[in-house]
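Student: Could you take me on a close look at one part of this model, and then show me how that part fits with the rest? I would enjoy one connected walk-through.

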Amino acid sequence: MGVDTSSPEIEIPLAPSSARQTITLIIPVYNEMDSIQPFLDCCSTALAELADTCEFEFLFVNDGSADKTEVIITQARAKDARISLVNLSRNFGKEAALSAGLTHATGDAVIPMDVDLQDPPEVIPQMIAAWRDGAKVVNAHRATRDEDTWLKRTSAGMFYRLFNLMAEYPIPTGVGDFRLLDRDVVQAINALGERSRFNKAIFSWVGFETAEVSYERPARLAGETQWSYWKLWKLALDGIFAASTMPLRVWTYVGLTMALMSFLYSVFLFVRVLILGIDTPGYASTAILILTFGGMNMFALGIIGEYVGRIYTEVRQRPLYIVRSYLHGDEQETRDGS
C-alpha cells in the first residue's frame, strides 16, 4: 500500500481514475434480519439515478448475529452479485465490525451506514457530488435528532462537547459513522495498528479535505436498537481515553493545586498556633481532608487504570476481529484468521 511501517509518516498512493467509479457501502449488522431486505430495496430506488456513473457494492459485516441475519444476506447475495458478506467469529462490537469492513472494502470510495435506514440512502448522491468536487471526506450531518429520546439527545450533546474540549483533533458534532471516505483515506485508516478504536476520532485524525451535507434523521425502520445506555457509556469512555491524554494531564494540575492549598493551609495552622497560641483540635478537619484526598486518589487511580487497561490490550496484540468466512463476488467461502 506504499506504507513504511518503520516511519510515523504514512504515504498514500494516488487512486486510479475511472469514468465509472465503484462505491462500497459498508453495513455492519447484528441481529438485523428484519431490516436487510427493506434496506436493499430502498438503496435500489435511491441510487438508481447514479447507475450510469457509479457501481455500488454492498459489503455486509455480520458481527456475530444470533438470528437469521446471515441466512437472509446469503439469500440476497444469490440474487445480487454486488453483495458481499464478512462473517465475524463472534460479536466484536460495531467499531471492530466497521474496521473489518474498511479492510475488505475495494471501492474508489466507501460509505459506512446503518441498515435500519436511519442513515437514508437518499443522501448518498449529495455525498458523491461533494466527493467529485474534490472532497476526500464527506460528513453526513444530522440536522435534527427528533427521533431520539430527550435523554439520548442530551447525553450525546454533552459527550460531543466534552470530547472536543479534551481531544487534540475534535470530531464534528452531530456526525456519526455515516460519511463518504475516499480510497486514500481508507488506506490511511487501514495503516493504523491500534486496537482500542474509536472510529469517529480516527476519521478526524487522518485529516484530508472535508465537506459536509445535512439531512433529517428518520426513525428506525424495523427492529430495536442494540445500543443500550450502558453500551453507549462504554463507547464514550473508549472514545475519550483512546483519543486524548487530557484526563491524565488534568490530574497533574489538580495534584499541583491541592498540594499548594495543603501547603498554604499548613502555614496558616502553624502561624495561628505559634502567634495566637490557639490549639486546633483537628478531628473534623483531619477527617474531611482524609476522605477528600482519599476519594480523589481513588478517582485518579481509576483513570490511570483505564489507560493501563488499554496499554495491556495493545501489548497483547490480539487481532481486532476474527473473520469466520468471507463471501465475495463469484468466490466460494473462504476463511481468514486475522
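Tutor: Happy to! Let us begin with a definition: a residue is called buried when its relative accessible area is under 20%, exposed when it is over 50%, and partly exposed in between. Please keep in mind that this is a predicted model.

With that cut-off in hand, look at N199. Its relative accessible area is 0%, so N199 is buried. N199 sits in helix α7, which covers residues 199-205. Leaving aside residues up to four places away in sequence, the contacts of N199 are E95, L98, S99 and D177. One of these partners, E95, is 104 residues from N199 in sequence, while the C-alpha atoms of the two are 6.5 Å apart in space.

Now move to helix α3, residues 94-104. This helix is largely enclosed by the rest of the structure, because ten of its eleven residues are buried. The buried residues of α3 are K94, E95, A96, A97, L98, S99, A100, G101, L102 and H104. Three names in that list, E95, L98 and S99, also touch N199. A general point about helices helps when you look at such a list. An α-helix has 3.6 residues a turn, so residues three or four places apart point the same way.

K94, another of the buried residues in α3, brings us to the charged pairs. K94 forms a salt bridge with D114, and their closest N and O atoms are 2.8 Å apart. K94 belongs to helix α3 and D114 to the loop between β4 (109-112) and α4 (124-132), so this pair ties together parts that are 20 residues apart in sequence. D114 has a relative accessibility of 17%, so it counts as buried. The pair also belongs to something wider: K94, D114 and D177 are linked in a network of salt bridges. D177 is a name you have already met, as one of the residues that N199 touches.

The loop that holds D114 has another feature to inspect. L117 lies in the loop between β4 and α4, and its phi is near 70 degrees, a positive value in a residue other than glycine. L117 is buried, because its relative accessible area is 12%. You can set it beside N31, which has a positive phi of about 55 degrees although it is not a glycine. N31 is in the loop between β1 (21-29) and α1. At a relative accessible area of 24%, N31 is partly exposed.

Back to the salt bridges, which number six in this model. Among them is the pair of D184 and K136, whose closest N and O atoms are 2.9 Å apart. This pair links distant parts of the chain: D184 is in helix α6 (residues 183-190) and K136 in the loop between α4 and β5 (137-144), 48 residues apart. D184 counts as buried because its relative accessibility is 6%, whereas K136, with a relative accessible area of 22%, is partly exposed. A further pair is D80 with R82, with 2.9 Å between the closest N and O atoms. R82 is partly exposed, with a relative accessible area of 32%.

For a contact of another kind, turn to helices α1 (residues 36-46) and α2 (residues 69-79). Their axes come within 10 Å and cross at roughly 35 degrees. I36, Q37 and L40 on the α1 side meet T69, I72, I73 and A76 on the α2 side. The residues of this contact divide into five nonpolar, two polar and no charged.

Nonpolar residues also appear at the surface. M298, L301, I304 and V308 make a nonpolar surface patch of about 400 Å². I304 lies in helix α10, residues 283-316, and counts as partly exposed because its relative accessibility is 40%.

Finally, step back to the whole chain. The protein chain has ten helices and nine strands. Of its 338 residues, 41% are buried. Among contacts with a separation of 6 or more, 81% are between residues 24 or more positions apart. N199 and E95, at 104 residues apart in sequence, are the pair to keep in view for that figure. The accessible surface of the chain comes to about 18,300 Å², and 60% of it belongs to carbon and sulfur atoms.

How values were computed: Residues are numbered from 1 along each chain as its sequence is written. This is a predicted model: local features need pLDDT of at least 70, side-chain atom pairs count only at pLDDT 80 or more; totals for chains, interfaces and linings use all residues. Side-chain values use heavy atoms; hydrogens and water are left out. Helices (H or I, at least four residues) and strands (E, at least two) are DSSP runs, numbered from the N terminus. Buried means under 20% relative accessible area, exposed over 50%, partly exposed in between (1.4 Å probe, protein chains only). Contact means heavy atoms within 4.5 Å. Axes are lines fitted to C-alpha atoms, for helices over the stretch in contact, and angles run from 0 to 180 degrees between N-to-C directions. Ala, Val, Leu, Ile, Met, Phe, Trp, Tyr, Cys and Pro count as nonpolar, Asp, Glu, Lys and Arg as charged, and the others, Gly among them, as polar. Patches are made of residues with over 30% relative accessible area and no salt bridge: like charges are joined within 9 Å, nonpolar side chains (Val, Leu, Ile, Met, Phe, Trp, Tyr) within 5 Å. Accessible areas come from the Shrake-Rupley method with a 1.4 Å probe; for residues, only the protein chains shown count as cover. A salt bridge is a side-chain nitrogen of Lys or Arg within 4 Å of a carboxyl oxygen of Asp or Glu.
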